Structure formats: C-alpha cells, structure tokens
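Q: I'd like to learn how to read a protein model feature by feature. Could you walk me through this one?

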Amino acid sequence: HIQRPQDAGRVAEQMVQVLSHKFDLGDQHSFLGASVGIATFPEDGASAEELLKNADTAMYRAKSGGRSQAVYFEEGMNTEAVARLMLDRDLRLAIERGELVLHYQPQLDLRTGAIRSAEALLRWQHPGRGLIAPNRFIPLAEESGFIEQIGQWVICEACSQMKAWQTDGLPLGQVAVNVSPRQFRKSGLVGFIRDCVAQTGVSPTCLEIEITEGLLVDHATVVEGMLGELAAMGIGIALDDFGTGFSSMAYLKRFPVDTIKIDRTFIEGLGRSADSEVIVTAVIAMSHALGKIVIAEGVETGEQLALLRKLGCDEIQGYYLSPALPAAQFAAFVRSRELVAS
C-alpha cells in the first residue's frame with residue numbers, strides 16, 4: 001500500500017532498475033526496460049479512470065524522455081497529449097496526401113572523390129506546421145505501429161527514384177534506406193523488398209538496408225536468416241550508428257554486414273579528443289580486417305575530413321559535404337561534382 005507520492009517514485013525506480021538487468025532466452029542475451037508514469041490521488045484525479053489516464057500520459061513522457069525512467073504527471077502534459085494525438089492523426093493521412101518526401105544525403109568516396117551512394121532520409125512537409133523534423137514523428141510512428149507502412153513506402157520510393165536516376169544516366173551506385181527493427185519483426189519483409197525491387201526494375205545491388213546494432217542483439221536468430229536472404233539477393237547491408245550499442249566483433253563476423261557506419265558522436269570529437277581518435281582508428285582497422293567498408297557520419301569540418309582520410313576511412317557523409325537534398329537538387333549536386341572532378 002503506497003501512502004505518499006515519494007513512495008510511488010521509489011517503487012517505480014526499483015522496478016526500472018530490476019527490469020534493466022540482462023536475462024537469457026536460450027542462447028540469446030535480452031534486455032528489457034520500463035517506462036513508468038505516476039499519478040497520485042487526489043492531486044492528479046478523483047477517480048480511478050482519471051488517475052489511469054493521467055498516469056498513462058506521464059508514461060508517454062517517460063518514453064519520449066529516453067525510456068527506462070519514472071515520471072510524475074503534471075497538468076501541462078494533457079495539452080501535450082492532445083497535440084500528440086493530432087500529430088498521430090495527421091501522420092496517418094500524410095502518405096495519401098503526398099506530404100512525406102525523401103531527401104538524399106550524398107556519401108563521398110575518399111579514394112576517388114566521387115559520390116558513390118546516398119542515404120535516403122524521410123521528411124514530412126505538413127501543410128499547416130511546415131517541415132516537421134523526423135525526431136518528432138518517427139518515434140510516434142514507432143509506438144503506433146504506423147512505421148511499418150511508412151517504412152514500406154520509403155523502400156519503394158527510394159527504389160523508384162534510384163531507377164529514375166539510372167535511366168537519366170546519373171552515376172550513382174547505391175541508395176541506402178533505414179529499416180526499423182519493428183519492420184524486421186514482420187515475416188513478410190524480405191518478400192516485400194523482393195517484390196518492390198522487381199516492380200521498380202532496379203537492380204538489387206543498388207539498394208542498401210541500414211540496420212541498428214540493437215537489432216542484431218535482440219533478435220539475432222531471426223534477423224540472421226532475414227539478412228542472409230537479402231544478401232543472397234545482392235542487397236547491401238549497413239550497420240548504422242556503430243559504437244553506440246552492444247554489438248561486438250563476433251556479431252560482425254556472424255552477420256552479412258557490408259558497411260560499418262561510425263556514429264557521429266565519435267566523429268564530433270576528432271581533433272579535440274584523443275579518445276575519439278583512438279576509437280575511430282580501432283573501428284576502421286577492425287572493419288577493414290573483416291573486409292567491411294567504413295563510412296563516417298556527421299562530418300562537419302575540414303579537419304575531421306583530413307583526419308578520417310589519414311586514418312584510412314573509406315567514405316564520409318555530413319554537412320561538410322552536403323545536407324540531405326530533394327531528389328532533383330541531389331542529382332544536380334552529383335553532376336556538379338562530376339564536372340569538378342573532370
């Protein structure tokens with residue numbers, strides 16, 4: 001029986017701590033987390049229904065604040081909850097209204113100076129709110145499950161655009177698409193990608209799927225089979241944000257990963273932090289020893305570029321080269337680079 005608000009907080013924190021420990025399912029290591037919302041009587045509600053509603057609102061705040069934490073309800077959260085519901089409603093109509101678009105960030109080959117590939121990045125052009133940043137609507141789509149439909153649209157849109165560029169003679173080898181862990185939980189993902197590639201007429205080798213480290217750890221057996229099928233089709237596999245999760249060299253040897261993308265947090269420290277340079281050096285050496293291509297994300301300065309070139313990094317992407325661009329502007333950027341190189 002909890003009599004004081006602070007007691008509820010202590011219980012919630014103990015729950016979060018207990019659930020954060022690693023546990024084993026067969027031969028797999030798994031991790032759980034808990035996001036806890038707390039509402040107290042009578043401050044936050046006079047009925048069980050009102051208390052549950054406000055605790056649920058606080059729980060969503062806990063999730064959006066980084067998960068694995070407990071948050072007390074505050075009155076202002078209701079206003080945010082209403083805005084969140086409206087955003088969710090609009091997001092479900094965004095595809096049919098043509099409000100979702102892909103922008104493409106070029107990836108530079110440091111050996112040849114050519115734009116070898118691009119990463120497709122999702123943008124939402126809301127008619128009333130303007131351009132909405134992905135970090136505002138992607139987590140919402142993940143929680144609601146709508147990310148699966150959005151993810152399918154992104155894959156097919158990127159394939160269609162790649163085919164159009166090939167038809168126009170744009171010298172681009174590959175386009176990378178981020179795939180949500182939630183999409184990998186669906187058994188039909190590989191078949192969908194196969195059908196999408198066939199329908200658009202693009203070569204499978206022109207598509208790269210980007211995954212996160214957590215996916216390899218949490219769903220290793222299932223994901224290994226799915227990635228094997230994609231690799232057998234000729235589709236590239238990239239491991240995004242490397243260094244921020246739990247994967248190890250064993251995972252890199254086990255899974256058919258072609259490309260390692262060093263997380264921007266390590267790139268930011270180059271030139272300022274000896275630790276960052278040591279980590280980047282180690283990742284590049286390890287990846288090359290395993291036959292992987294290395295891409296540095298978030299490159300923003302010439303000093304970072306020079307250091308990455310010195311360390312033997314294969315490719316870069318980031319604002320120093322170019323932000324993500326709409327398809328037409330991206331094609332013009334690639335052609336302008338061609339002219340400079342020639």
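A: Happily! Let's start with helix length: the expected span of a helix is 1.5 Å times one less than its number of residues. Keep in mind that this is a predicted model.

Q: What span should helix 9 have, and how far apart are its end C-alpha atoms?
A: Helix 9 covers residues 220-233, which is 14 residues, so the expected span is 20 Å. The C-alpha atoms at its two ends are 20 Å apart, in agreement with that value.

Q: Which residues of helix 9 are buried, and where do they sit around the axis?
A: The general idea helps here: an α-helix has 3.6 residues a turn, so residues three or four places apart point the same way. In helix 9, the buried residues are Ala220, Val223, Met226, Leu227, Leu230 and Met233. They cover an arc of only 145 degrees around the axis, which places them on the same side of helix 9. Just after helix 9 comes Gly234, with a positive phi near 100 degrees.

Q: Now the strands. How is strand 9 paired, and how many of its residues are buried?
A: Look for its partners on either list of bridges. Strand 8 (residues 174-178) is joined to strand 9 (residues 207-212) by four bridges, and the two run parallel. Strand 9 also pairs with strand 10 (residues 236-242) in the parallel sense, over five bridges. Ile209 is a handy landmark in strand 9: Val177 stands opposite Ile209, and Ile209 stands opposite Ile237 in strand 10. Five of the six residues of strand 9 are buried, so the strand is largely enclosed by the rest of the structure.

Q: Which way does the chain cross from strand 12 to strand 13, right-handed or left-handed?
A: First, the pairing. Strand 12 (residues 293-296) and strand 13 (residues 315-316) pair in the parallel sense over two bridges, with Ala296 opposite Ile316. Between these strands the chain passes through helix 13 (residues 302-311), and this β-α-β crossover is right-handed. Strand 12 is also joined to strand 11 (residues 259-262) by four bridges, again running parallel.

Q: How many aromatic pairs are there, and which residues form a cluster?
A: A search of the whole structure finds four aromatic pairs. For Tyr104 and Trp165, the ring centres are 4.9 Å apart and the planes are at 70 degrees; over 60 counts as edge-to-face, so that is the label for this pair. Tyr104 is in strand 5 and Trp165 in helix 5, so the pair ties together parts 61 residues apart in sequence. Tyr104 and Phe330 have ring centres 6.1 Å apart and planes at 50 degrees, so this pair is tilted. Phe330 belongs to helix 14, 226 residues from Tyr104. Tyr104, Trp165 and Phe330 form one aromatic cluster. Tyr104 and Trp165 are buried, and so is Phe330.

Q: Which cysteines form a disulfide, and why is Cys159 not bonded to Cys196?
A: A disulfide is a covalent bond between the sulfur atoms of two cysteines. The structure holds one disulfide: Cys156 and Cys196, with sulfur atoms 2.3 Å apart. Cys156 lies in helix 5 and Cys196 in helix 7, so the bond ties together parts 40 residues apart in sequence. Cys156 is partly exposed, at 21% relative accessible area, whereas Cys196 is buried, at 2%. The sulfur of Cys159 is 4.3 Å from that of Cys196, too far for a bond. Cys206 is in no disulfide either, its nearest cysteine sulfur being that of Cys159, 9.1 Å away.

How values were computed. Residues numbered from 1 in each chain as written. Predicted model: local features only at pLDDT ≥ 70, side-chain atom pairs only at ≥ 80, totals over all residues. Heavy atoms only, no water. Phe/Tyr/Trp six-rings, centres within 6.5 Å; stacked < 30°, edge-to-face > 60°. Buried < 20%, exposed > 50% of the residue type's maximum accessible area, 1.4 Å probe, protein only. Pairing = 2+ DSSP bridges. Arc of directions from axis to C-beta. Right-handed = clockwise from strand over helix to strand, strands pointing away. Disulfide = S-S within 2.5 Å.
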